[in-house]
Structure formats: structure tokens, C-alpha cells
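The following exercises invite the reader to examine a protein model step by step. Each task is followed by a worked solution.

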Amino acid sequence: MLRRRELDTLKDLYDTARNECGRIALVRGPTASGKTSLVSALGEYVRSEDGRVAIATGSQAEQHMDFGAVEQLLAEVSLPRGIVDQALAAEGTCAERDRSSDPGCSFSRALYDAMSKISIDGGATVCVDDAHLVDGPSLECLTYLARRLREFPILLVLTISDDVVHQMSELVGEMERLAHYQGISLELLTRHEVLRSLSTMLDRPVTAQAAADAYAISGGNVLMLAGLADDLVTDESGPVDSAVPTGPDVLQRALQSGRATCEAILSIARRADPVGVDVMQALAVIGTERVDVLPAVSGIAADRVTRVTRSLRMAGLLGRDNFQHPLVRQAIVDSTFPDKEQEIHLRAAEVLHATAADERLVADHLLAAGRSPQPWGEYVLYPAAEAALSAGDTATALRCLTLVSQSGDLDNPAGFLRIATRMEWWKTESDAEGCLNLLLALLRSDRFPLHFLLRVARQLLAHGRVRDVLDMLARLSHRTVRHDQEAAEVRNFVQWLRVSYPSLVASLPAAATAGADAEYLADPAENPADGDVWNRSCCALRAALSADTDDKFVTWAAEILRGSRTGEAELDPIEKALTSLVYRDRLDLAAPWCQSLLDEAKENGSQEWYAILAGIRSEIAQRRGDFHTAVANSAEALADIPLGVWGVRLGLPLASRINGLIAIGDSERAGQVLKLDYPQAMLQTRYGLHYLQARGHYHLAVGNGELALRDFLACGELMTRWDMDSSTFLPWRYNVAETLVSLGDYAGAREAIEAQLDRVKGHSTRIYASSLRLWAATVSFERRQEPLEKSAYLLENYENKFEYARSLAALGKHYYSSMETRQAEQVLSKARQLARESGAQRLVDAVDAFALGAGLAVQPSEQLGRFVPEELSDAERRVADLVVEGCTNRQISERLFITQSTVSQHLTRIYRKMKVTHRGDLVRRLRAALPRHVSGTR
């Protein structure tokens, strides 16, 4: 028995009543605080003492039945039917007169007579539980009896709930004035009482933490605690002599696996008021932040809602501002039927919208309801979707748009599509599939304007949905372009296809491509789509990919990047602007831009942006010969987003990872990357070219030259067909030549590498110098030293230790073959050191193997100095490098972004410092300045 102290008090009162004179006890306490159990225990005690017990229970259902409680008492003491009939007859006679003038003649007198008879042979107890729910006439009878109770050995016990004491003020006041009255108050259990009671209920030890957790959930409510104990017994399977386990997870599991606590909660609510469950479920669903709308949401009068919430607060279910514990709220929500829960959410959304509440809160309720009232539901869900996208929560944004699309005709299709086309990335593959299906439904609709359909098409293509987009394009081919703006939109889409999905351009109607070819090289300031960042980025990338254009695209790309911030701009144009710089080997510009955007993405928590930018940074690191960084960046990119969410963009980070792993000597892991699934449509895109080249590198690394040659030639054939044959994008001719050398076809290799040299001169020092090194391998021995030395010279000041190391390694081998052993050792030592610094373990191993076979002492060395004389400034050194490379003044000005006049001024100072008078002398003088162990001069 939990209320032992209070039970002892009642026992004493009964003994006093039986031995001396009648007593009255008024037991007060919160709902479900143990009042009924206390009355029942008292009844057992009285019967054990051979006393008589009469118990009546108040009920809201019978509160309007006159004398209902008195009839219960008379039936409890098993009075002869004649006495009951006599009482009813007396009441009928009295009813004919004015009851207020002579109340003693009513049923009250009959009850008095009945109680006097049952107490003749000993003590008796009359208990009325929930007296606040007893009918008015019965209360009058009980009051009549209470005033005369001292004459009989009877204990009268009434129980009422704390939350209705103010409604029972007349009865309570009447009782308190009587000398034989005593009040008993039941409080919620304390932490210590919960510890003791829970241990008793479970019949096993309970730790202080377990008791604290139980107290936090139950609030000290006896019924709640008993339910929780039952659920713990159901869930617990440990030894019976061990302490009850602690922790919120244990309690949560117990509540989920059992039903006793939930039933206790609902019972408390029902005891508080018949509508108590409805009020509590509505409160649990909508939350306590807007309790002011609870009456409107629940459809229950405000004063009644106030009474119920006050009762629940006194019972320990509610705290001051919220539920006593989150698990209590969750248990209530779980007990609510899904249909009812959705209705509550919908009603809450309607009420909150009508009161101009926060739209995010309204949207949350609409999403939970699974319905969107039109037309206002759209205008609530659109901002919620945009806010979710800004926070990186694409799943919620998708739910918002899906709900709108299921609600019938759209009132604002433009708003819908604006958000739908922003959803480029998703957290999970299921979210991706859901959004793509939603976009497909839009694509098949004829209700939307052309430019929105084209945006949707871009997004679907980015995830490999080629057939669906082709079907749309076929339908659009019969659609008349209505004005100049639509014509510009079609041309912009064609530009995007040319740099992203060039394989599809041939599928377009001829009218769609008209004018697009001439437009992409125009100055954006004169472009019809002035200000359209998509078009400008596509123009910049196409210019960078084309074989015969100047570096005007750099200005376009820089303008796009300067005006972009992660989270605010769209990702696609930024990616194209960055990669245009990378593809033209302008790593000096691309690297800082990429790092700046990466830092922003990390600060903003934009996982998708960070992954894409990490993939680009991996490509930059690979082109710089920093392979450990390339491998790390590609791993970072692929880890941030599931592979199935990348779409066709997956080709770039996969390729960078494969190339990096091959360079560091881990061909096995590179082969594992090649086994990963990718969208087949990727091979129809620019990203697929990266993948083809990387796969060729893998085949070459593992000694399968024929497969490597097939991949490199396929890459070249596509680049040529798609007008992407920039010598700096993916130097496939160089790859072909390198493969042919490995296969022993030196003539074919020379033809390929000479074509590469012709195309790359003046565009990329790195690729030009590397091509010189490879060309040297295809010519006779006596012609090799000059191109090898020139290659090393050009790369000495270039930020690519790997390519520099390869050229030095080739030069060192040539020195060895020329019997210049000392020079060979020095140059190979430098090559080995640089290869180690760049993480190129394969090259380190190759140098070591050659040195071992040749008997050379190759060690890390710092003896190689700078090839350009120290007296030249940095600016003059850069000009001198390009002069040795064979660039004209105009080409130098374009490469260094300086005027031709400035180039001439630099050359004048270089001539003076080097003591030469014209360009040819300068080249010979610079070559003569090379250290003897590099130049080979004797």
C-alpha cells in the first residue's frame, strides 16, 4: 500500500468513531493520486474488524440522476427492499412540499434512519469516492447525515479532486465547520517515495538513478508510477536480484514495449474529464507552444479546456510550460489513431493560418496532416520548402512539394517549379528517387512554361534520365517558339547540353541549335542573355573546352565566381566556371577560388556544395602532381554524398581518385574504385570523359596496353566529335602516345605526341613540357638530350613536382646512357626526392629499380639549383620561361594577363641582365646558364 500514512490516519478515525463518536474525513488529492485505492484499503480494514462498509462512487454519467449515490449506499449495506421503498415513498411525499422548507422529510431522513440501523451492532464506514461527481440531492443527504453523525459509530469518508475544490466550496465549508471533521491531503509522491514505492512494486532493488528517471516521467503520480512499473517488469529480463537498469533508453524501450503506462495516462485524462483524452491528444499533437489555440483545435470550450489542463498539471502529467516528460507526450501521440492525429494537425494548421502564425509552424502541421488546403496551402509550403533547402534539408523540401502536387491544380506553378529546380542534391537515394519522379511528372505536363521545363530537363539529365528528356524534346520539337525570350531560353539549353551532355545535341531539332554556335564566343556584355549566370558559365566552359579559342573565358569565369556565395547561388554555374579554369590549366586561379568556396561551404554546413568542390579540388591537386591530396579530397567528396545521389557528376571524383591511387602506387584500390556502380548515362557526358581517361590510366598501370589504348582513343574520338578537343582538357593524344611507347610503336607514338605539341604550345607549360619529354622517347638517342633538358627547364619553375620529377628521371636515364654517371646520379636523386614529395610512389619505385639495375647511388639531394639565373626578378623569370618555350610576345601577354608593351619592357631588362641583343641569343644564353649536370655541357 503506497499511502500507508494516510491509511493509518483513516484507521484511527474509524476506531475513534466506533468507540467514541462519529467522524468525518475529507480526502483531497490530484487526479489518480491514490484516493480510490485508499478508500478500498480502508474498507478491507473495516470488514476485518467486523464493521459494515457502504461505498458509493460519483460519476459524471450519473451526476444528473437524483439520489443516485444514496441508492448506491443503500444497496451496498443490503438493506431490506422495504426500507428502500419506504425511503423512496418518503421522498415522493416530500417532493409534493417545498423541500427547502423541510429538508428533513426527504431522502435524507431515510438515509439517516438506514445508517442508524446498520451501526447498531458495531462500527460502520460510509465512503463516497469522487464526491465532486455526485448528484446534488445525494450531496444534500450526505450533508444532512454529516451534521448528525456524532450520534452514531460511523466514519464518513468523502474524496474529491484538488482541481475542483473551488466548485465544492459549499460542501467543503460545511464539513470544515463540524468539530468531528478531519481533512487529509494526498500529494504527488516525492523522489524518495518513488524510490521506495517502485522497489516495492517491482520487488527488487531500485537505484537512485532509476527512481529519478521514473519520477521524471511519472511526476510522482501513483497511477503513472504503477503503469511504468508494469512496463518495466514486461521489458526487464535480467536477474531478479539485480537492480533495475537505468537510463532514458531503458524507460523508452519499456514504454514502447508495454501498454500499462500509456493506459494509465489515458485513464488519468478520462478521470479529469470525459473529454480529457481529446484535450490531451490535441495538446500532444500541436505542442504546448501555442496552447492558446487548443480550444479551437480540439473543438472544446475554452473554460473546459482550462479546467482539464489544470487538472492534468496537478496530476503531474503537465509541467509548467510543457509535458512532464517528452516520453509522456510521445506516449499520448502514439495512442492517437493516425486518422485522428492527421485531423488534429490539419485543424491546427487551419487555426494557426487564420491567426497569422509562423508559416513554418503551419507548414509542419500540413506535412503531418498529409493534406494541403488550396489555395493557401501552397503559399505556406513554398516558403517552408525554400527554408528547408537553404538549411540543406532536401527531404523536407521534397515532402512540401509532393504534398502540393497531390492537392490538385496549382494556383502558383511558377513558385512550385522555382523550388523544384533548386533541388539538385539529396541526403539519401530514396529522396533522390522521390524528387526525380516528381520532376518527371512535371516534365510530362504541358501546363508549365518552356523555361521551367528546360530547367527540369537539366536536372533530370544530371541524374541520367536521358530517355525521359528525349521524349520531352520530341514533344517540344512540334511546339512553336512564341517570342524572343523563349528562343533565348532554347539556345541557353543548347549551350548547357554542349558542355554537359554533348551526345544529345544531335537529337535536338535544327531550329533549336540555330544561332547557338556563334553566340557562345560573344562578349557576355553583348549577349542576349546578359545577366543569365547559367548561359555565361556555359559560354566560359565551352570556350575553355574548344581547341582554337583565346583565354577570354577567364574573365567570364572570374565574374561568375566573384558574384557567387555557397548557399545563395546555384551550384551548376559555379562548378562550370571553376572547371573552365581547371581545364585550361589555370590552376593558379582555380585553386584559391575553389578553396575559398570550400571554406564557405564548410562554414555554412552545405554538404552537397562541399562534396562537389572537394571533387574539383581533387582534380586540381592531381594536375599539380599532389597525389596524396588528390586521393584524400576525392575520398572526402565521395564520403559526403551517397554514390547513388551524385548522378553523372560522379565521373569527376571517381576519375581523380583512380588517377591519384595509380600515382601513389596503389593500383589494387584503383581497380576497386572501377568496380563501383555509376550511371551508364555518365559516359554520354563530359564527366564520362574523365572516367574513360582514368580507366585507361589504370589499364596502362597494370600492363594492359591494348585496353588502355582503346579507352584513350575512345576518349579522343568523343572529345573531337563533341568539340571539346582542347589540348589542356584531357590530353588524350599524350595518353595515346604514352601507351604506344609502352607497346613499342614509336612511330605511332611520335605522330600522336607531335600533334599534341602543335596544339598545346602556348596554352600549358606543364603539358607542353611533359609532351617534350615523351617526344624525346620516340626519336633517336642523339636527339633526346635537348628536349629532355628543355622539359626539365620549363617544369623547374612550374608548380608540379611530379611532372618535373618525371622529366628529371628521363634526363637522368639519358645521362646514364651517355656515360655521364655522376650527372645521372645527381639528377635521379633529385627526381626521386620530388617524386616522394608529390606522393608518386610508382615513380619512386621506378627510379629505385633503374638505379639498382644500373648500379647508381641515388639519394635525396638538394644539389640541383634553379635553372633561371638568380639576377632575374620573378616577373622576368616567368617571361623568360615562356620565351624558352617558344611563345610570341602576344602569347606571353595572354598567358600572363599583361600587355604586349609590358612584355617588351620585361624582355629589354632581361636582355640587359643576360647581356644579349635578341631572342635567339636569349634562349641560348638561358640554356647555357643551366648547371652542367643538367645541361650536359662539358
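**Exercise 1. An enclosed space**

In this predicted model, the second largest cavity has a volume of about 60 Å³. State how many cavities of 30 Å³ or more there are, and describe the lining of the second largest cavity.

*Solution.*

Step 1. The count gives eight cavities of 30 Å³ or more. The method behind such a count can be put simply: rolling a probe the size of a water molecule over the atoms shows where empty space is left.

Step 2. The second largest cavity is lined by Ala-462, Trp-496, Ser-500, Tyr-501, Asp-572, Lys-576, Val-648, Arg-649 and Tyr-687. Two elements, α25 (484-500) and α30 (571-583), give two or more residues to this lining.

Step 3. Sorted by character, the lining residues of the second largest cavity comprise five nonpolar, one polar and three charged.

**Exercise 2. The largest pocket**

Give the volume of the largest pocket, and determine which helix contributes the largest share of its lining.

*Solution.*

Step 1. The volume of the largest pocket is about 1,400 Å³.

Step 2. Its lining consists of 46 residues, and those nearest the centre of the pocket are Tyr-734, Glu-738, Arg-773, Phe-802 and Arg-806.

Step 3. Two or more lining residues come from each of α32 (607-623), α35 (651-663), α37 (686-701), α39 (732-743), α41 (765-776), α43 (801-817) and α45 (841-854). The largest share, eight residues, belongs to α43.

Step 4. By character, the lining of the largest pocket divides into 24 nonpolar, 12 polar and 10 charged residues.

**Exercise 3. Salt bridges**

Find how many salt bridges the whole structure holds. Then examine the pair Asp-162 and Arg-28, the pair Arg-347 and Glu-350, and the pair Arg-669 and Asp-666.

*Solution.*

Step 1. The search of the whole structure returns 34 salt bridges.

Step 2. Between the side chains of Asp-162 and Arg-28 there is a salt bridge, with 3.6 Å from N to O. This pair links distant parts of the chain, 134 residues apart: Asp-162 belongs to the loop between β4 (154-161) and α7 (169-176), while Arg-28 belongs to strand β1 (residues 23-29). The relative accessible area of Asp-162 is 17%, so this residue is buried. Arg-28, at 30% relative accessibility, is partly exposed.

Step 3. Arg-347 and Glu-350 also form a salt bridge through their side chains, again with an N to O distance given as 3.6 Å. These two residues are three apart in helix α17, and therefore about one helical turn separates Arg-347 from Glu-350. An α-helix has 3.6 residues a turn, so residues three or four places apart point the same way. Arg-347 is partly exposed, with a relative accessible area of 37%, and Glu-350 is partly exposed at 31% relative accessibility.

Step 4. The side chains of Arg-669 and Asp-666 meet in a salt bridge of 3.3 Å, N to O. Arg-669 has a relative accessible area of 36% and is partly exposed.

Step 5. Some salt bridges share partners, and in this way Asp-572, Glu-575, Lys-576 and Arg-649 are joined into one network. Three members of this network, Asp-572, Lys-576 and Arg-649, appear in the lining described in Exercise 1.

**Exercise 4. Helix α18 and its surroundings**

Describe helix α18 (residues 359-369) by its buried residues, its packing partners and its two ends.

*Solution.*

Step 1. Val-362, Ala-363, His-365, Leu-366, Leu-367 and Ala-369 are the buried residues of α18.

Step 2. Those buried residues pack against α13 (276-286), α17 (338-354), α19 (376-390) and α20 (394-405). Helix α17 also carries the pair Arg-347 and Glu-350 of Exercise 3.

Step 3. At the N-terminal end, α18 is capped by Asp-358, which has a side-chain oxygen 3.0 Å from the backbone nitrogen of Arg-360.

Step 4. After α18 comes Gly-370, with a positive phi near 75°.

**Exercise 5. One residue and the whole chain**

Locate Thr-306, and then characterise the protein as a whole.

*Solution.*

Step 1. Thr-306 is found in helix α15 (residues 302-314), and at 43% relative accessibility Thr-306 is partly exposed.

Step 2. Thr-306 and Leu-294 are 12 residues apart in sequence, with 9.6 Å from C-alpha to C-alpha.

Step 3. The protein contains 50 helices and five strands. It has 938 residues, 57% of which count as buried.

Step 4. Of the contacts between residues at least 6 apart in sequence, 69% join residues at least 24 apart.

How values were computed: Residues are numbered from 1 along each chain as its sequence is written. This is a predicted model: local features need pLDDT of at least 70, side-chain atom pairs count only at pLDDT 80 or more; totals for chains, interfaces and linings use all residues. Side-chain values use heavy atoms; hydrogens and water are left out. Buried means under 20% relative accessible area, exposed over 50%, partly exposed in between (1.4 Å probe, protein chains only). Helices (H or I, at least four residues) and strands (E, at least two) are DSSP runs, numbered from the N terminus. Contact means heavy atoms within 4.5 Å. A polar contact is a pair of N or O atoms within 3.5 Å; within protein, one must be able to donate a hydrogen and the other to accept it, and residues adjacent in sequence count only if both atoms are side-chain atoms. On a 1 Å grid over the protein atoms alone, a cavity is a set of points where a 1.4 Å probe fits but cannot get out, and a pocket is an open set with protein on both sides within 12 Å along at least five of seven lines; lining residues have an atom within 4 Å of a point. Grid points are joined across faces, edges and corners, and a volume is the space filled by probe spheres set on the points. Ala, Val, Leu, Ile, Met, Phe, Trp, Tyr, Cys and Pro count as nonpolar, Asp, Glu, Lys and Arg as charged, and the others, Gly among them, as polar. A salt bridge is a side-chain nitrogen of Lys or Arg within 4 Å of a carboxyl oxygen of Asp or Glu.
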